[in-house]
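Work through the exercises below with the sequence and the coordinates open. Each task is followed by a solution in steps.

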Amino acid sequence: MRLFCHPARRLDESRVEAGHPMPPYAGSRFLNDMAADNLSPGQRWTKLFPPSVAGQLLARDHLAGKLTDIGNKRLTLVCAPAGYGKTSVLVSAFNRLRALGSEPGWISLDHDDNDPARFVSHWCAAARLAEPGALARVPMQMLMAGFIDRLGELTQPSFIFLDDYHLVSDPSIAALVNAVLQAPLDRLHMVIATRDANHLKLGRLRLNDQLQTITATELGLSAHETQALFSRVARIDVAPAQIERIREKTEGWAAGVQLLAIAMRDRPDAAHFVESFSGEHASVADFLAEEVFRLQPGEVQAFLLATSVLSRFDTALAEAVSGLSNAREMLTRLEHANLFIFCLDDERSWYRYHHLFTDFLRRKLREEHPGLLPVLHARASEWFAAHGHAVESIEHAFGAGQMLRAAQLLDQHSQRLISGGRSAELMSFASRLPDSLLDQMPGAVLDEAWQLIACWRFSEARILLDRVAKLIAERSAAATTDAQHRDAAFLRSKLSHRELVLAVTRDDLPLTLRLAEDWLAADSIHEPVMRATASSIANQARREFYRWDGIAAASKALGEQYVQGGGYFSSVYHDCVCGAAFFARGEFAAAEQHYRRSHQTAVELHGERSALSAFPAAMLAELHYERNEQAEAAQLLRAHGMSADFGLVDKLVAGFVTRARLACLRGQTDEAERALDDASYFATEYEFTRLQVHVLGERVRMRVAEGDAKAAGRLLLESRTPSLPALKMQPGEGVTSTDELFATAHARAWIANGRVGDAVALLRPWLAWCRSRHCIRSAIRLSMLLAGGYLRDGNRLAAQRTLVQALKLGESGPFVRAYLDEGGEVVQALSELGAVAVAQHPFDWRHLQAVLAAHGDTGRAGLAAPPASAGAVREQISERELQIIRLAAQGLPNGEIAGSMCLAESTVKWYWQRIFDKLDVRRRVDAVKQARQLHWIR
């Protein structure tokens, strides 16, 4: 697999050739849409091509050795001041690699790439050329680990060129590039051209002989190279003595030689001009550029100044901004004159000026035509807007000083920026607007709030939501037209949706369910992704309220909605929510399918070690742990970690609790405590009550396992914070899984402290509640704890009945750790079921054997055999009880059975209760059925 390849390769073919299956949404149309969203016109592919100039590159023979050695170094750094030909050296190396059969990637950087989202988009665009969708739409905070992990999958040498790296100064971008350089990626080779290396960490690379540098000294032109460049540009013959003088004056500075050559064209006093050129000028570049610019005809000067406001341009854009109709002719003229213009594509459609020349032109435009500058930016903004390029249109609106227009454009396109992974640009633009204009962009403010919510910046999001709510109320009151009423209605729906997202991210489940159901009932805009996310959020809340109706159908339908609406990022959450519901119901296959699909999508979007992929990874780790696949669970948690301030509480619960339990199994109680301390920090910092109760339950479990019942009791007393007393101890309408966990923690501590009766009275209703709602995972855990209470009370028969019920519940999973984590006497009693004849109970004996094998008690499990068990239970059934069963099998009611046996009917009912307890059934028909299966009756 190659992450960086030549941009001419077709996107879909490169994926298929690499042997990777295409995800259902990653067709070529999807990829082209993403490219259009993330790259501006001219940048879609031109940033991924080396620039070219008319004529051939200057041969730099003395650099050939270093260019050949690129494949043996992690980094080749070309570092020199402006104008020394750094880009030309990179282009030569790029072409050399292509000639040798490699497929290097190229990114031309500019000032706009200081925005992390834009930088990431361009880097991802290069990656997608070889692996479609690999790292598209990546928020900066998620990129580093996932991107490095993906680079670690390289199987052959790959090359990436970053030109003009000095133009990027954002600290997070510098951290990303340094992380890539420091990572053990032997097959990746980078070539970077920059004016300074201040942000690059080179010590380790230099120590390991993985760095080669090309400096200004080496880039300086030799006499032969000066002669070749000067003759090509000036188009005049100059005596060798003058060439040497030019070289001395410029000190081998390529840009200086080129500028002098242009300035000397058709000059009769060439020798005098060379002698007059001096380093005493305040700016050599300005001096030479002025000489070049001054010699151009008026229409060329006007064209140069007008187009200098553009980072890149084609014919149509140049004409729209300059007001001229002969842009194609003008561009050809500039190319033929070698007037510091670079062509950016093979079709010779898109161009840019040399950076030095651009700086000169823009300064001259500001100084000599200040009134023209906003006009040019306004024209550019209108052209970009008309061609569907929001970011560039907004940027030029700022340049034109049109703050209101910038706000309106941002409001119009904010949703596209968010869905395209360009939230950083959205927030950057918003920060440049005065507060007074925020009211002109309510849609953008709501999208900014969504981004803040996703990063758990709840208080900041709350301020924005309140501000928009006030604005909507004012607009609604002032609305007089249908369009104004529709606009207000749309904003109200969008605001309600963001309130819903805030509620679920803060894990306020009662509020979440109410808001979700209200939003879905009132939805009139039918925006696909908003409606799908609202439905997924509603399902998550319903899960916590033990409501599973239609979960399978909803899972499939919503998945299709996300694909149709392009909400691939949100589909990761959707699959995690669905997987958790199936897991709670004991449907392991469906749960694993959703988790793995979520993880695959997250990896495709953001990378293996991103914060996004950490969400399904934590859920998968919890599933592996339940199946006692401890190594797999630990590996997932190690690989992904627990990223802060991102995701839902489900991730924190699954990750931290699983980490703590794995540590306990290894005997590393200190590590378990650290995991719970970390979880407790998040629970307190963000007021996550559900996470807080999980931490409490785990700490109580650990204290009880250590034999410190009093400490467990103290934990419960100390937990009575203002938020927890509102939790319900008894099941009923409106209870959530948090109430269940809170009650379970109390029951465990009560059993340890001898209050078995209170614990049993608390657990039995919860067990019945969970079983009636098919919450299998909870029912098993409650059963195991209840069995422990019976054992503590000396009622082994009741404990065995409860264990048998638990085995019936979990055999389809199959659950394992839910049976073993109670430990001690409960697991011993479970093991003894192999010796106690209970084969008449309809649970899968292989499941019991698997559970005991996981505990290391394979011998005991192997003792369980139906014939022996049948006989043992038969001895517990008295002859009179067996006679009652025989008469019932003949269809006699209790009254007739009593008469035939000379017993009171109440006595017969008493015997039936004993029979039910011994056979673990609750109906006469079931008792008769089991008796026939065991051949006690015919």
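The exercises go from the whole chain to single residues, and the model they use is a predicted one.

**Exercise 1. Overall make-up**

Task: State how many helices and strands the protein has, and what share of its residues is buried.

Solution. Step 1: the secondary structure consists of 50 helices and seven strands. Step 2: the protein has 938 residues, and 57% of them count as buried. Step 3: turn to the surface, where about 37,700 Å² is accessible and carbon and sulfur atoms make up 51% of that area. Step 4: consider the contacts with a separation of 6 or more; residues 24 or more positions apart account for 71% of them.

**Exercise 2. The surroundings of strand β1**

Task: Find which strands pair with β1, and which residues stand opposite Val 78.

Solution. Step 1: locate β1 at residues 75-79, where four of the five residues are buried. Step 2: β1 pairs with β4 (residues 188-194) in the parallel sense, over five bridges. Step 3: β5 (residues 211-214) also runs parallel to β1, and four bridges join the two. Step 4: take Val 78 as the reference point; Ala 193 of β4 stands opposite Val 78, and so does Ile 214 of β5.

**Exercise 3. Two nonpolar cores**

Task: Name the residues that touch the most other members of the largest nonpolar core, then list the contacts of Leu 830 beyond its neighbours within four places in sequence.

Solution. Step 1: the largest core has 81 residues, and those touching the most other members are Trp 766, Ile 780, Met 784, Leu 803, Phe 815, Tyr 819 and Leu 830. Step 2: with neighbours within four places left aside, Leu 830 contacts Met 784, Leu 803, Leu 807, Tyr 819, Leu 848, Val 851 and Leu 852. Step 3: a second core, separate from this one, holds 61 residues, including Leu 433, Leu 446, Leu 491 and Phe 656. Step 4: as background, nonpolar side chains in soluble globular proteins tend to be buried together.

**Exercise 4. The largest cavity**

Task: Give the volume of the largest cavity and identify the residues closest to its centre.

Solution. Step 1: there are five cavities of 30 Å³ or more. Step 2: the largest cavity contains about 810 Å³ of space. Step 3: its lining has 38 residues, of which His 694, Leu 741, Arg 777, Ser 778 and Arg 781 are the closest to the centre. Step 4: among the elements that give two or more residues to this lining are α36 (689-705), α38 (737-752) and α40 (776-792).

**Exercise 5. Positive phi in two loops**

Task: For Trp 456 and Asp 507, state where each is found and whether each is buried or exposed.

Solution. Step 1: recall that most residues other than glycine have a negative phi. Step 2: Trp 456 has a positive phi, near 65 degrees, and is found in the loop between α24 (442-454) and α25 (458-478). Step 3: Trp 456 counts as buried because its relative accessibility is 3%, against a cut-off of under 20%. Step 4: phi of Asp 507 is likewise positive, near 65 degrees, and Asp 507 is found in the loop between α26 (482-505) and α27 (509-522). Step 5: Asp 507 has a relative accessible area of 10%, so Asp 507 is buried.

Note on methods:
Residues are numbered from 1 along each chain as its sequence is written. This is a predicted model: local features need pLDDT of at least 70, side-chain atom pairs count only at pLDDT 80 or more; totals for chains, interfaces and linings use all residues. Side-chain values use heavy atoms; hydrogens and water are left out. Buried means under 20% relative accessible area, exposed over 50%, partly exposed in between (1.4 Å probe, protein chains only). Contact means heavy atoms within 4.5 Å. Accessible areas come from the Shrake-Rupley method with a 1.4 Å probe; for residues, only the protein chains shown count as cover. Two strands pair if DSSP finds at least two bridges between them. A nonpolar core is a set of buried Ala, Val, Leu, Ile, Met, Phe, Trp, Tyr and Cys residues joined through side-chain atoms within 4.5 Å. On a 1 Å grid over the protein atoms alone, a cavity is a set of points where a 1.4 Å probe fits but cannot get out, and a pocket is an open set with protein on both sides within 12 Å along at least five of seven lines; lining residues have an atom within 4 Å of a point. Grid points are joined across faces, edges and corners, and a volume is the space filled by probe spheres set on the points.
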